[in-house]
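Biologist: Could you take a close look at one part of this model with me? I'd like to hear how its pieces meet and what fills the space between them.

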Amino acid sequence: MKKILIVGGGMGGTILANNLARRLTNELKTGKVRITMLSASEKHMYQPGLLYLAVGKITPDELYRDQASLLEPGIEFHVDPVEEFKLDNNQVKTKSGKTFDYDYMAIATGSRMFPEGVPGMVEGAETFYTEDTALKMFKRLQSFEGGKVVITVGVPHKCPMAPLEITFMLHDYFKDRGMADKVQLQYTYPIGRVHSLENVAKWAAPEMDKLGIKYETFFNIKEVDAKNKVLRSEEGTEIKYDLLITIPAHKGMEVVEKNGLGQNGWIPTNKTKLNMEGRDNVFILGDTTNIPISKAGSTAHFEADTLGENLAAMVKIGMPVKEYDGKVFCFIEAGKDRASYAMFDYKNPPDPKAPTKAVHWFKMAYNKLYWISARGLL
Amino acid sequence: MTEKKIVDGRGSFCPGPLMELIVALKSSQVGDELEVLSTDKGSANDIPEWLNKVGHEYISTTEAEGVWHITLRKSK
């Protein structure tokens, strides 16, 4: 029997598990393959929904489904997170003390925001990368009566479009509240343009100019003086704020760091084969790789598609059959009712078009269709 | 002397070579030498500009077969 272990029940892990279950239906039935998923939670969160929660467009319950309900029959699912990786023994040990061994393992544990890494950030800034902080941010927004709102971006972070999306959505949020003339939005970004993707920045900067949104580039967050409401950069500049919103720098999950799998939680991963460097039977998906690629749900999705095909082939014919080409697809919400998207891979840069209502409604539809994606059907 | 750290940003559109460098610097020590590999010509200008702004030591840029090699030292 071949044992496939999937660690992590987010986008990448879930799509991989379902992909494999469909490709290996006969092998599952006849006991030639076992697919096991270990997750820290019984719930699956649609993380892009946090953006909408932060501005009051959805309520927290709309973010979740039961993880078990998303999984194909035949997948063994345990809410029992891994605490120890024993790669030399092809084993993991979980929180409950159980040991699971594997022939192939996929680690898809995701990433987490780490505002604690910046002095004063936790005290001084709102964010929206968890349910609690997104809800807190919405309540803060609702009580905000005017002034300077600064959106500041750390690196690395998941969801590369979120900084622009929250900025444009905040513009429309304040406009809808009749406060456009009482609020000054300012955006900061770590490199010399307003977004990592050059073509996206070329569209976004004039859009910000048009909407009266100020921006400062080459701004890497150094510290937040929460008492005096001042944000300072490594480059030596400072910005006063009345309300600070941050997309903080991220790390991989603590279990990855604690087990020495990767500095700051980023596991060294082959960018086309997706195996952990130095390991032929351990594969890495999604945010927790160290691949220089967007930390985005779509990255995890397309990686999972490739890995699913490869693992199934490795079971059936003893070898992988394809390589991951770096495909990423990201929607870009440009306000409350218009959106664009960026699609690219390792060889082809993105070329986003001007935002339209049609793409916004496609994104709205995808917010619901995501659950079909998670089941590996879309 | 510690080994030069390679930051391989070839084929990276997002986040891109400069952001990969910023991440790599966070887990580097003062005095470490790093070399960024980039297939993006713009990085050959952006990276030295940023290094100058933030106060790290820019060493050199070379280009071979469409890949830019930008070396630097973490200064603070």
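**Where the domains meet**

Modeller: Happily! In chain A, 13 residues of domain 1 are in contact with 18 residues of domain 2 (a contact means that C-beta atoms, placed from the backbone, lie within 7 Å). The side of domain 1 of chain A that touches domain 2 of chain A is made of nine nonpolar, two polar and two charged residues. Here Ala, Val, Leu, Ile, Met, Phe, Trp, Tyr, Cys and Pro count as nonpolar, Asp, Glu, Lys and Arg as charged, and the others, Gly among them, as polar.

Please keep in mind that this is a predicted model: local features need pLDDT of at least 70 and side-chain atom pairs count only at pLDDT 80 or more, while totals for chains, interfaces and linings use all residues. Residues are numbered from 1 along each chain as its sequence is written, and chains are lettered from A and ligands numbered from 1 in the order in which they are written.

Domain 1 of chain A covers 2-110 + 253-328, and domain 2 covers 113-250; these bounds come from an automatic or database domain assignment. Taken over C-alpha atoms, the centres of the two domains are 31 Å apart.

Now for what fills the space. The largest nonpolar core has 80 residues, and A:Ala54, A:Phe128, A:Ile166 and A:Ile332 have the most contacts inside it. Such a core is a set of buried Ala, Val, Leu, Ile, Met, Phe, Trp, Tyr and Cys residues joined through C-beta atoms within 7 Å. A residue is buried if 20 or more other C-beta atoms lie within 10 Å of its own, exposed if 12 or fewer, and partly exposed in between, with C-beta atoms placed from the backbone. Helix α6 of chain A (residues 162-176) gives the most to this core, with eight residues. Helices (H or I, at least four residues) are DSSP runs, numbered from the N terminus. Both domains of chain A give residues to this core, so it lies between them.

Let's zoom in on A:Ile332. Leaving aside residues up to four places away in sequence, A:Ile332 touches A:Met161, A:Leu164, A:Glu165, A:Val200, A:Ala339, A:Ser340, A:Tyr341, A:Ala342 and A:Pro352. There is also a second, separate core of 50 residues, with A:Ile267, A:Leu274, A:Leu307 and A:Tyr324 included.

One last stop is A:Leu377, in the segment after α10 (357-374) of chain A. A:Leu377 counts as partly exposed because it has 13 C-beta neighbours inside 10 Å.

Key. Contact = placed C-beta atoms within 7 Å. Helix = DSSP H or I, 4+ residues; strand = E, 2+ residues; numbered from the N terminus.
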